[in-house]
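Biologist: Could you take me on a close look at a single part of this protein, the helix that carries the salt bridges, and tell me what surrounds it? I would love one connected account rather than a list.

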Amino acid sequence: MLMKGSLHTDEFMRKRDREDRRVAHAEANQPRVRDGCPAYSETILITDAAINIFPDLDGKRDIVQNAIDLYNQAGFGTSPRSPFSRRSRLSTPKIPSTIEAAALCKMADRGQITGGLLDGPLAFDNAVDREARGSRE
């Protein structure tokens, strides 16, 4: 895990060529009670919202693997679930990211992404709420 600190992002990203995988941003959201309502009960990592603007499929594979590795190594748990949240839970050529989500799940099936359980595409409510997911559990 790297923390950028006061280093400018453009300078930080120039150094990423030395890494085996693409550098990605991850934000950890810990469970807690807000306004009297219990929050989601598990730690959620949201990635990549800041560094990779339009990653290709290989970049997305790296981002997912980085997030899984971070989750496991930071002690948040084991075998994290990695849903690919999109506006739609169906794969459709009209939304290329849904096709890529399905491809990433297949890559996990073949051992190209390890250490987590992948599913998608899913709408965000389906990713975090079992009732919204219905029979996809």
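**Around helix H2**

Modeller: Happy to! Let me start with a neighbour: leaving aside residues up to four places away in sequence, Met 107 touches Leu 57, Arg 61, Gln 112 and Ile 113. The model is a predicted one, so please read every value here as computed from it. Helix H2 covers residues 57-73, and one of the residues touched by Met 107, Arg 61, is a good place to stay for a while.

Arg 61 takes part in a salt bridge with Asp 58, with 3.1 Å from N to O. Both residues sit in H2, three residues apart, which is about one turn of the helix. Arg 61 also forms a salt bridge with Asp 62, where the closest N and O atoms are 3.2 Å apart. Asp 58, Arg 61 and Asp 62 are thus linked in a network of salt bridges. How does burial vary among these three? Asp 62 counts as buried, at 12% relative accessibility. Arg 61 counts as partly exposed at 23%, and Asp 58 is partly exposed too, with a relative accessible area of 43%. The cut-off for buried is under 20%, so Arg 61 at 23% does not count as buried. In general, side chains of opposite charge can pair when their charged atoms come close.

The protein has three salt bridges by the rule used, and one of them reaches from H2 to another helix. Glu 100 and Lys 60 form that salt bridge, their closest N and O atoms being 2.2 Å apart. Glu 100 lies in helix H3 (residues 96-109) and Lys 60 in H2, so the pair ties together parts that are 40 residues apart in sequence. Lys 60 counts as buried at 16% relative accessibility, while Glu 100 counts as partly exposed at 23%.

H2 and H3 also come together in nonpolar side chains. The largest nonpolar core has eight residues: Val 64, Ile 68, Leu 104, Cys 105, Met 107, Ala 108, Ile 113 and Leu 118. Helices H2 and H3 each supply at least two residues of this core, and H3 gives the most, with four. Met 107, our starting point, is one of the core residues, and so is Ile 113, which Met 107 touches. As a general point, nonpolar side chains tend to be buried together in soluble globular proteins.

Further along, the structure holds one aromatic pair. Tyr 71 and Phe 76 form this pair, which is tilted, with 5.6 Å from centre to centre and 50 degrees between the planes. Tyr 71 is buried, with a relative accessible area of 10%, whereas Phe 76 is partly exposed at 27%.

Finally, a step back to the whole protein. The secondary structure comes to five helices and six strands, following the pattern α-β-β-β-β-α-β-α-β-α-α along the sequence. Of the 137 residues, 29% are buried. Counting contacts between residues at least 6 apart in sequence, 55% join residues at least 24 apart. The accessible surface comes to about 9,400 Å², and carbon and sulfur atoms account for 50% of that surface.

Notes: Residues numbered from 1 in each chain as written. Predicted model: local features only at pLDDT ≥ 70, side-chain atom pairs only at ≥ 80, totals over all residues. Heavy atoms only, no water. Buried < 20%, exposed > 50% of the residue type's maximum accessible area, 1.4 Å probe, protein only. Contact = heavy atoms within 4.5 Å. Areas by Shrake-Rupley, 256 points an atom, 1.4 Å probe, with all protein chains shown as cover. Salt bridge = Lys/Arg side-chain N within 4 Å of Asp/Glu carboxyl O. Phe/Tyr/Trp six-rings, centres within 6.5 Å; stacked < 30°, edge-to-face > 60°. Core = buried A, V, L, I, M, F, W, Y, C linked by side-chain atoms within 4.5 Å.
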